[in-house]
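Please look over the sequence and the coordinates together before reading on. The paragraphs below move from single residues to a sheet, and from there to a helix and an enclosed space.

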Amino acid sequence: MRRRHRRTLQLAAATTLLATAATACNAAAKSDTSDAAGPSGKSFTLVTPDAVGQNEFLKLAVTGIKSAAKAHDGSQKVYESTDTASQQQNVQAAVDAAPDVIVLVGFEFADLVAQQAKAHPKQRFLMIDACTTKTYKNVSCAVFREHEGVYLAGAAAGLLSKSGKVGAVDVLDTPQFRRYSDPFAAGAKQVAAKTSTSTRFVGGQSPFDDSARAKEQANSLLARGTDQIMAAAAAGNYGVFEAAKAKGAFAYGVDVNQCPAAPGTVVDNVIKRTDVAVEKGIESVLDGKAGTTVSYGLKEGGISLTGLEAGVDSSKCVIAQHKDVLAKVKALRDEIVAGKLTVDDPAAG
């Protein structure tokens, strides 16, 4: 989940690289530009809220914009921000360059995009994993149905639990964040009706960055016999994984493959495919569908599990050892995609 989503276990590595990415003159960005545009002349600019570094969530977004540029024989530029000031500078630089589409990842850009969209009505914007409060004809948004992937992770937990008790450590007790806990419980009960479920919330002064509090909440679940835990505590996932490992229990990550951070402990991850959202979002904008919000879930390929992706055998995820469980999870995935099974969204309504 960057502050919901960006602050995954890759944060530490990204932060280290951030120091080397910043320039002495406090330049706005670390900019990566492709070759000049081809015959189509299409140009795309991506602005990230942090340095890309080893942040897989942002690396996928870069992959998406490069794929879009290649598909249109065009060009792409990436502006990597390092702080609030550089975010502002990067958005202004992108607008000044006037590309066909400006893509921005994260809620950090909502206010900036709103300002720029109003001032530059002909400039097309695509926001990923966020949207402006007000609707603008030149702002498109790509959001995710995380709850569908969380449901599948819960099903895996229900099938693998030996104690019959699964739980989640969530950031805050709000409908939006409960997308990472309520469906986990529902998925577990779908495959094992007698499963006992419980959720703990990090809360406090720094809910997105408090590994100690997250670990404490995880330990409270473990103390009651929980052996499968959904880790939805942003940077606090470190603490959840540590607690689970110490007790021989298992955990589930978010956004990217977090299994390498705790091999033998992390079972699977709810993957958010920002590359898919960027590439498909750009296509939609170019097709004249600007000003719309598109939701990406299992059907669109925007949400997945590491276990359902290619390369699971080398992912270091525990789920790779349980092909029988994966087969049942895939069957549930297919039901959701086909519309035969609907996962309740805690943030809906």
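Is A117 buried or exposed? The model in view is a predicted one, and in it A117 has a relative accessible area of 3%, so this residue is buried, given that the term applies under 20%. A117 belongs to helix 4, which covers residues 110-119. Between the C-alpha atoms of A117 and T132 the distance is 9.9 Å, while the two residues are 15 apart in sequence.

A pair with a wider separation in sequence is not needed to continue, but another residue can be read in the same manner. F177 sits in the loop that connects strand 7 to helix 6 (182-191), and because its relative accessibility is 8%, F177 also counts as buried. In sequence F177 and A233 are 56 residues apart, and in space their C-alpha atoms are separated by 9.6 Å.

Strand 7 leads on to the sheet. An open sheet is built from 6 strands, arranged in the order 8-7-9-10-11-13 with mixed pairing. Its edges are taken by strand 8 (196-201) and strand 13 (303-305), each of which has a single partner strand, so that one side of each has no neighbour in the sheet. From one strand to the next, the twist averages 20°. As general background, the strands of a sheet pair through backbone hydrogen bonds, in either a parallel or an antiparallel sense.

Within that order, strand 9 has strand 7 on one side and strand 10 on the other. Strand 7, residues 165-170, pairs with strand 9 in the parallel sense over 5 bridges, and in this pairing D170 stands opposite A232 of strand 9. Strand 9 (residues 228-232) also runs parallel to strand 10 (residues 250-255), to which 3 bridges join it; here I229 has A251 of strand 10 as its bridge partner. How many of the residues of strand 9 are buried? The count is 5 of 5, and the strand is accordingly described as mostly covered. The covering extends to both faces, since Q228, M230 and A232 on one side are buried, as are I229 and A231 on the other.

Backbone geometry gives a further point of interest in strand 10. D255, which lies in this strand, has a phi near 75°, a positive value in a residue other than glycine, and with a relative accessible area of 1% D255 is buried. D73 likewise is not a glycine and has a positive phi, in this case about 50°. D73 lies in the loop between helix 2 (56-71) and strand 3 (75-80), and its relative accessible area of 41% makes D73 partly exposed, a term for values between 20% and 50%.

Helix 9 can be checked first for its length and then for its surroundings. The 13 residues of this helix, 274-286, should span 18 Å at 1.5 Å a residue, and the C-alpha atoms at its ends are 18 Å apart, which agrees with the expectation. Of these 13 residues 10 are buried, and helix 9 is therefore largely enclosed by the rest of the structure. Among the buried residues are T274, D275, V276, G281 and S284, as well as L286. After the helix comes G288, with a positive phi near 90°.

Helix 9 also has a part in the last feature, the internal space. As a general matter, rolling a probe the size of a water molecule over the atoms shows where empty space is left. Searching the whole structure yields 2 cavities of 30 Å³ or more, and the largest has a volume of about 50 Å³. Which elements each supply at least two residues of the lining of the largest cavity? They are strand 6 (139-144), helix 9 and strand 12 (293-296). The residues that line this cavity are L126, S140, C141, A142, K280, G281, S284, K289, T292, V294 and Y296, and by character they divide into 5 nonpolar, 4 polar and 2 charged. G281 and S284 thus appear both in this lining and among the buried residues of helix 9.

Terms used:
Residues are numbered from 1 along each chain as its sequence is written. This is a predicted model: local features need pLDDT of at least 70, side-chain atom pairs count only at pLDDT 80 or more; totals for chains, interfaces and linings use all residues. Side-chain values use heavy atoms; hydrogens and water are left out. Helices (H or I, at least four residues) and strands (E, at least two) are DSSP runs, numbered from the N terminus. The expected span of a helix is 1.5 Å times one less than its number of residues. Buried means under 20% relative accessible area, exposed over 50%, partly exposed in between (1.4 Å probe, protein chains only). On a 1 Å grid over the protein atoms alone, a cavity is a set of points where a 1.4 Å probe fits but cannot get out, and a pocket is an open set with protein on both sides within 12 Å along at least five of seven lines; lining residues have an atom within 4 Å of a point. Grid points are joined across faces, edges and corners, and a volume is the space filled by probe spheres set on the points. Ala, Val, Leu, Ile, Met, Phe, Trp, Tyr, Cys and Pro count as nonpolar, Asp, Glu, Lys and Arg as charged, and the others, Gly among them, as polar. Two strands pair if DSSP finds at least two bridges between them. Axes are lines fitted to C-alpha atoms, for helices over the stretch in contact, and angles run from 0 to 180 degrees between N-to-C directions.
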